[in-house]
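Visitor: I should like to understand how the spaces in this structure are classified. Please show me the structure, and I will ask about the grounds for each term.

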Amino acid sequence: MGDDAGVRSRVSVAGVSVSVDHYVGGRRLSSPTTFENRSPSDWSTVLAEVSAGDAATADAALTAAAEAFEGWAALGPTGRAPHLRRLADLIDERVADIAAVECVDMGMRHESLRNRVIGRGARNFRAYAELAEQHEERVWSSNGTANRVQRLPAGPAVVITPWNAPFMLATWKLAPALAAGNPVVLKPAEWSPLSASLLADLADEAGLPPGVLNVVQGIGSQIGPPLTSDRRVRRLSFTGSPATARAIGTAAAANIVPFTAELGGKGALVVFADSDLDAAARTAAGQYDDSGQVCLAGTRLLVEASAADDFLARFHARADEHLLGDAHDDATTITPMIHPTHVTRVEGFIERALAAGDKVLRGGHRHVPDGWTGRPEDALWIEPTLIAPASNDSEIVQHEVFGPVLTFQTFVDEDEAIRLANSTAYGLSATLFTGSAERAERVGGALRAGTTWVNCFLVRDLTAPFGGLGISGLGREGGDHALEFHADLKTLQIREDTTT
Ligand code: NAD
């Protein structure tokens with residue numbers, strides 16, 4: 001790293017040194033104001049005072065990205081790939097540190113972070129290095145001309161990420177942008193900003209040219225608009241809520257900039273009587289993992305009426321096995337929620353459901369784990385909750401809660417199952433359990449979702465398209481789709497009798 005002018009400081013989180021400043025043009029940069037960062041597992045303590053970026057920060061980061069563009073683009077896929085592979089190797093080397101920080105900062109289970117989630121970040125960089133290298137231009141002859149479709153780097157990209165699974169999601173979005181030749185300004189969420197700062201350290205150590213990866217911290221409503229409305233930005237890649245997507249989409253429209261949005265979900269989990277009910281119940285109860293703060297979660301349980309009692313008995317037995325506790329404890333399955341504001345938001349959904357005549361079948365209350373020594377209001381758990389709605393129009397059925405709250409409804413036949421499953425404005429994921437191969441094809445094909453799993457859940461192939469229908473998103477990530485989004489496609493046509 002260069003001489004770190006303007007550095008505020010680094011803090012120690014779980015024994016790991018983390019910068020609380022921005023990373024711009026290969027140097028740390030601080031802002032005059034800060035925002036507080038706290039841990040979901042110890043809300044009474046301030047973890048870090050993080051630099052709160054503003055319009056000047058956005059301008060500095062975009063200047064750095066714009067200056068880095070030509071050199072990074074000129075390297076081509078094969079010149080960029082070693083940088084990305086070095087970064088992947090460093091992530092693998094530092095899994096323990098990244099997992100430790102992410103666990104404290106976001107409250108995700110340490111076991112899944114160290115064994116799966118952080119490693120996926122390294123795989124994202126390797127996969128995109130390889131995909132970009134392997135890409136072959138389409139070449140063909142027609143009308144007496146040689147046609148070539150070229151993928152040209154587009155220019156600086158702004159990547160904005162949410163607070164859940166922040167490290168993995170950031171790498172998933174950064175890797176294709178960087179592999180395609182676009183320098184990036186990454187803005188992580190203010191509720192879990194620290195792992196992005198570690199990633200900046202690793203990019204520095206990996207020797208990424210200055211300005212190729214910039215990380216700016218800050219409150220979305222403050223640094224977001226100057227970042228997304230700047231005319232130097234050539235790609236906007238966002239993961240978060242539909243409400244924020246509308247604001248960013250407006251900025252994208254103003255500058256005619258391609259925009260991709262991975263947004264919320266309200267996935268249906270459809271269970272037919274002919275399915276392996278135990279597997280279905282286990283998967284359904286697993287939707288409470290991470291306190292349900294998962295965009296892909298199947299939160300609407302739709303069960304064939306003839307199997308409803310049997311399913312519910314198995315579901316409750318599985319849900320009873322959950323252990324609400326600290327994210328560091330490997331036995332914990334339900335971790336604290338990210339922020340008191342979010343807990344209050346989820347409680348509001350439950351209160352309004354009760355007021356509307358929906359019936360709580362289990363849970364519904366705040367939970368303070370045994371042995372909790374902090375203030376009760378700092379215990380950020382809600383019991384795994386199941387609600388039978390009075391109507392399919394109930395708010396709890398139609399809106400994303402993003403907490404440990406599932407709904408339970410029954411259907412009598414395939415038509416009703418499909419109608420209920422497809423009845424929200426969302427369309428990110430759907431899950432189907434059936435013992436019939438024909439039904440798997442028929443109903444699986446009819447479920448309106450970007451990804452539909454049949455007799456499995458959360459199985460992902462990084463090369464498959466990923467994204468949402470309806471208000472769940474715009475555009476597709478994954479494999480070549482993300483590389484294509486980050487490229488300016490150009491058709492070069494040369495008359496075949498052109499001589500040198
Ligand atoms: P959010 O929309 O509130 O915030 C996301 C990011 O946008 C944050 O970094 C925030 O600071 C920033 N932001 C806020 N206002 C902005 C503005 N005006 N301009 C630019 N940036 C701004 O979302 P969240 O609460 O952090 O995340 C939860 C949501 O994300 C849920 O809806 C969840 O389903 C969704 N999500 C979707 C996926 C997916 O792949 N589809 C993955 C994870 C989370």
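Guide: In this predicted model, a search of the whole structure finds four cavities of 30 Å³ or more.

Visitor: What makes a space a cavity here, rather than a pocket?

Guide: A cavity is a set of points where a 1.4 Å probe fits but cannot get out, whereas a pocket is an open set. The largest cavity has a volume of about 100 Å³, and the second largest cavity has about 70 Å³.

Visitor: Which residues line the largest cavity, and which lie nearest its centre?

Guide: The lining comprises 16 residues, and those nearest the centre are Arg300, Ala421, Tyr426, Gly427 and Arg448. Strands E14 (267-271) and E21 (429-433) are the elements that give two or more residues to this lining.

Visitor: What classes of residue make up the lining of the largest cavity?

Guide: The lining of the largest cavity has seven nonpolar, six polar and three charged residues. Gly counts as polar and Arg as charged, so Gly427 falls in the polar class and Arg300 and Arg448 in the charged class.

Visitor: What lines the second largest cavity?

Guide: The second largest cavity has a volume of about 70 Å³. Of the 13 residues that line this cavity, the closest to its centre are Gly265, Val294, Thr299, Glu400 and Phe402. By class, the lining of the second largest cavity has six nonpolar, five polar and two charged residues.

Visitor: Which residues come nearest the ligand?

Guide: Around the ligand there are 28 residues, and Lys187, Glu190, Ser241, Thr244 and Glu400 come nearest. Glu400 is also among the residues closest to the centre of the second largest cavity.

Visitor: How do you know that glutamate 190 makes a polar contact with the ligand?

Guide: An oxygen atom of the ligand is 2.5 Å from an N or O atom in the side chain of glutamate 190. The cut-off for such a pair is 3.5 Å, so the pair with glutamate 190 is a polar contact. For threonine 244 the corresponding distance is 2.7 Å, and for glutamate 400 it is 2.6 Å. Both of these lie within 3.5 Å and therefore count as polar contacts too.

Visitor: How much of the ligand does the protein bury?

Guide: Taken alone, the ligand exposes 860 Å², and the protein buries 87% of that. Helix H7 (220-228), strand E12 (235-239) and helix H8 (242-255) are the elements that give two or more residues to the shell, and H7 provides the largest share, with four residues.

Visitor: Which domains contribute to the shell around the ligand?

Guide: The shell draws at least three residues from each of domain 1 (10-263 + 473-491) and domain 2 (268-461). By class, the shell has 14 nonpolar, ten polar and four charged residues.

Visitor: What is known of the second largest pocket?

Guide: The second largest pocket has a volume of about 300 Å³. Its lining has 17 residues, and Pro77, Arg80, Ala132, His135 and Arg151 are the closest to its centre. Strand E8 (145-153) is one of the elements that give two or more residues to this lining, and E8 gives the most, with four.

Technical notes
Residues are numbered from 1 along each chain as its sequence is written. This is a predicted model: local features need pLDDT of at least 70, side-chain atom pairs count only at pLDDT 80 or more; totals for chains, interfaces and linings use all residues. Side-chain values use heavy atoms; hydrogens and water are left out. On a 1 Å grid over the protein atoms alone, a cavity is a set of points where a 1.4 Å probe fits but cannot get out, and a pocket is an open set with protein on both sides within 12 Å along at least five of seven lines; lining residues have an atom within 4 Å of a point. Grid points are joined across faces, edges and corners, and a volume is the space filled by probe spheres set on the points. A residue is near a molecule or strand if one of its heavy atoms lies within 4 Å of it. A polar contact is a pair of N or O atoms within 3.5 Å; within protein, one must be able to donate a hydrogen and the other to accept it, and residues adjacent in sequence count only if both atoms are side-chain atoms. Accessible areas come from the Shrake-Rupley method with a 1.4 Å probe; for residues, only the protein chains shown count as cover. Domain bounds come from an automatic or database domain assignment.
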